[in-house]
Structure formats: C-alpha cells, structure tokens
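Hi,

Here is the structure I said I would pass on. Have a look at it first, and my notes follow underneath.

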Amino acid sequence: MTDKTSYNLNNDKTYVWHPFTQMSSWLEEDQIIIDKGEGFFLIDTKRNRYIDGVSSLWCNVHGHCVREIDKAVRNQLEIIAHSTLLGLGQTRSIELARKLIKIAPSGLAKVFYSDSGATSVEIALKMAYQYWQNKGDRKKTKFIALENSYHGDTVGSVSLGGISLFHSIFKPLLFETLFAPSPHPYRFDGTPAQCRDRSLEHIETLLKKNAGKIAAIIVEPMVQGAAGIIVHPAGFLKAVRELATKYNVLLIADEVATGFARTGKMFACEHENVTPDILCLAKGLTAGYLPLAATLATQEIFNAFLGPVEEHKTFYHGHTYTGNALACAAAIASLELFERNKIIESLPPKIALIRKKLAEISKLKFIGNTRQCGLMAGIEIVKDKKTRASFDSAALIGAKVCRAMRPKNALLRPLGDVIVLMPAPAMDLPTLDILLDIVYDTLKTDLPGITKQAK
Ligand SMILES: *Cc1c(COP(=O)(O)O)cnc(C)c1O
C-alpha cells in the first residue's frame, strides 16, 4: 500500500459523509478510493482497474475521459464557465435547448434547466401544480404516483416517491400523494398483461374518486429503476398516457434514469410513442460529466404561464447554477457523440448479449428472476429458487455479492437483493462480455459462502 492510498482513505473517513451509506460500516471496512477514469474503467489509488458496471450510478454514457467531451469543456472554460439565466441568456444553454427539443418526443417545446434529477422533478411538480392554478383550476393539487417509484431525494420529489425504506422517516414532512400499485410482473401471480391492467384499473379508480383534484400522474416510463429495475408490461405507458388525457390531468415522465439510450432508445417514451406533458432529464444528460438537469414542457403548459406581471403567472423557481455553461457544453458534446458514433444504432448486439447472459444466469441456484429493458438489467437473488424466499435483509447479500466482484475487477452497486447492471451505452462488446462473465462467475458460486467470507 502506497502512502497516497492510506492518506486518501484516512482523510475520506475523517472528512467525508457518503450518501445513502451507513457510515459506521463505512468507517469499519476497507474502501476503494477512485482516482482516475479511462474509458469504461475506474482506477483506484492502488492502481486497480475495474469495469464501471453501473455507469458511475447510471449517468456515464461514452466512458470516462472522452477526448471530445474533455475538449468541449476545456474550450468552454476559455470562454466562460457560468453566467446566470435569471434575466440573461447564455449561448451554450440556447444551443443545448434547441438540440434537446429536436430529439425529445414531439410536442415538447421548452427547456427549463436545473442541476439534478431531484430538482428536475421538483420543477415538474411545481410546474404541473401552477399550470392548473394559472388556468383557474384551483382544486387540481394532488399527484398520482406508482408504488415503489423513485423520483429523487428532495422533500417534494420524496413525496412523489413510493419506496418506503427511503421515505418513511420523513413522512411528517411530505405532502400527500395517491399511490397506485406498480405493474410489477415479478411480484404478481397473473400474466404481465393482467398485472398491467390491475395497475391501470387502480389508476383509473383514483382518477374517478378524485375527479377534478389531480394535477398530474408521474411515472418512470418503461422501467422503475431504483425499485430494482422493474420493467413494465407492454402497453402500460401508452395506457397511462390515454388515462391522463381522458381525465384531463398532466403526464410527467421522469426519464432521469431511462433517458439517453439506457433502454435501447434515446428516450423510454419512444417505446410506446408517448409524448408526456412534462419530461424530466438528468443523469445521462452530460454523459456523466457535470451536474445538469432539464425539465421539458409543452407549448400548452408554457403558454399558461404567460400574462402581465401583476397576474403573478410567472414561474417563481430557479437555481443559481441553472443552465451552467460548462455543463451545457459537455451535454452538447455528448449529443454530438451520440450521432457521430451512432450510439443508438450500436445498441442491439449489446442488448442481445445481455439477454443471452441473463438467460444463463437465471438458471443458477440462487437466482429468482432476471429482467431487462435495453441496457438496464436486474438480477434478483433469492435464498430458495422454488419458493422465491429472500435472504434475511440484514445479510446484505446484494452488497456482499457486489463486493465479491471487486477482486475480479468489476464495480457494481446493488439495490437490496437485486444486482444491477447498467453498462454505459457506448461500452464495447468485449468489455461488456467480460463484465457479464464476472457477474456470472460470482453468482454461480455458493452465495451463503460469499456472505461468510465477506464478513
Ligand atoms: C436518480 C433518479 C432521480 C434523482 O436524480 P438525482 O440527480 O440523484 O437527484 C430521479 N428520478 C429517477 C427516476 C432517478 O433514477
């Protein structure tokens, strides 16, 4: 161990408080400190190289230290790093907005910038709420969301979220949201179509019962990421769009995770030809380079905010770093790379490779089911394949399995007992193949044994 390694680890443990982390365990255990990135690899302070198996928490797109994006950010630094969008325009944010509207589902017309997925959702919900207020529909104040959905960690976005583990402690701070069961075909005895219809019926019941009181329905289109890569049955998204239209409520699509090619298309809404009224984008927007988010809205929504100042229809929301020029430059460079490297066109063989390996993995002893939508995949670990009983949650089996992949040079992060695979869309087939082999090799071993070793 070099001095540099222990110097960094000690200082991390002294000074840094990590997100979603039980810090007492963090302080006790050995930890990896990342120092560098190279393509689809992360390199730690001991010079170990790991495949970045979850795209640095679902945001990396073209790899790390990509020449073209590096150059775009450096060039922008020579021009200006940041100026405000409050009362001023900025060239890079204009250029990016135009590009986003060009590729977004048709009908979306305006881009409101912020800096994280949670803020993009916060903006979407305030926008939806105020839209109805501005139109004089004062009773439309509630939201419908899906159980086990995840929309970020600010108080507003947590209110829309349905993962009780993250949210129960904050309950007294949250506003009331109406929840419908998620179309979760792996926790339901019927067929996926029955599961879909059950969820849709529930949504429709909520819409009828609360007629005139719902501002919007929010969904993660096609895949509920943080819920454990729950892939929705075909037709669900389109039917939710139809329900929203029928009952005159807005549809908010949270594509923070699914956007920018994760599901095999640029945006998940494209799978079912759906245009939401409001679209939330973040994670992959800058290809994993810089914090930037965008909330896209239709012209109809935008128009409801127009009027003389004294009518107070203005959208009173903004963040200091809204539309940051460096981040916009990175996002523009990423979108150019999408075209130049034909990223979307390159996905089918990668998706097929993941499908093939998942089929092998699903035969293993401790695997409950596997699910996939494009490059997003989840592998559920169970204690008993027949009854699908899970391991005791205190056994932290998912975390231990991921830890066991580290000596094999892959970094993954689970969601509970679900091993998540989220390779960067630009990852080359050979690297993806190695990653999948590491996952297979780890899962084929005696998992309770792994649990003991890792203790
Ligand atoms: C990650 C995520 C968010 C929150 O994004 P942050 O940038 O972490 O605030 C919101 N919605 C979905 C669907 C996400 O996956």
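Helix α4 covers residues 67–79, 13 in total, and its first and last C-alpha atoms are 19 Å apart, close to the 18 Å expected at 1.5 Å a residue; that expected span is 1.5 Å times one less than the number of residues. Helices here are DSSP runs of H or I with at least four residues, numbered from the N terminus. Please keep in mind that this is a predicted model: local features need pLDDT of at least 70, side-chain atom pairs count only at pLDDT 80 or more, and totals for chains, interfaces and linings use all residues. Residues are numbered from 1 along each chain as its sequence is written, and side-chain values use heavy atoms, with hydrogens and water left out.

Which residues of α4 are buried? They are Ile 69, Asp 70, Ala 72, Val 73 and Gln 76, where buried means under 20% relative accessible area and exposed over 50%, with a 1.4 Å probe and protein chains only. Seen down the axis of α4, these buried residues fall within an arc of 165°, so they line one face of the helix; the arc is taken from the directions from the helix axis to the C-beta atoms. The other side of α4 has Arg 67, Lys 71, Arg 74 and Glu 78 exposed. Packing against the buried residues of α4 are α5 (91–103) and α12 (325–340).

Just before that helix, Val 66 sits in the loop between α3 (55–58) and α4. Val 66 is buried, at 11% relative accessible area, and is in contact (heavy atoms within 4.5 Å) with Tyr 289 and Leu 337, leaving aside neighbours within four places in sequence.

Now the ligand. The residues around it, meaning those with a heavy atom within 4 Å, include Trp 58, Tyr 150, His 151, Glu 220 and Asp 254. As for polar contacts (pairs of N or O atoms within 3.5 Å), a polar backbone atom of Gly 117 is 2.7 Å from a ligand oxygen, and a backbone N or O atom of Ala 118 lies 2.8 Å from a ligand oxygen. Lys 283 uses a polar side-chain atom, 2.6 Å from an oxygen atom of the ligand. Taken alone the ligand exposes 380 Å², and the protein buries 81% of that, with areas from the Shrake-Rupley method.

One last residue: Asn 134, in helix α6 (residues 117–134), counts as buried at 13% relative accessibility. The side chain of Asn 134 reaches the backbone oxygen of Lys 313 at 3.1 Å.

Best wishes

Key:
Helix = DSSP H or I, 4+ residues; strand = E, 2+ residues; numbered from the N terminus. Polar contact = N/O pair within 3.5 Å; in protein donor to acceptor, adjacent residues only side chain to side chain. Areas by Shrake-Rupley, 256 points an atom, 1.4 Å probe, with all protein chains shown as cover.
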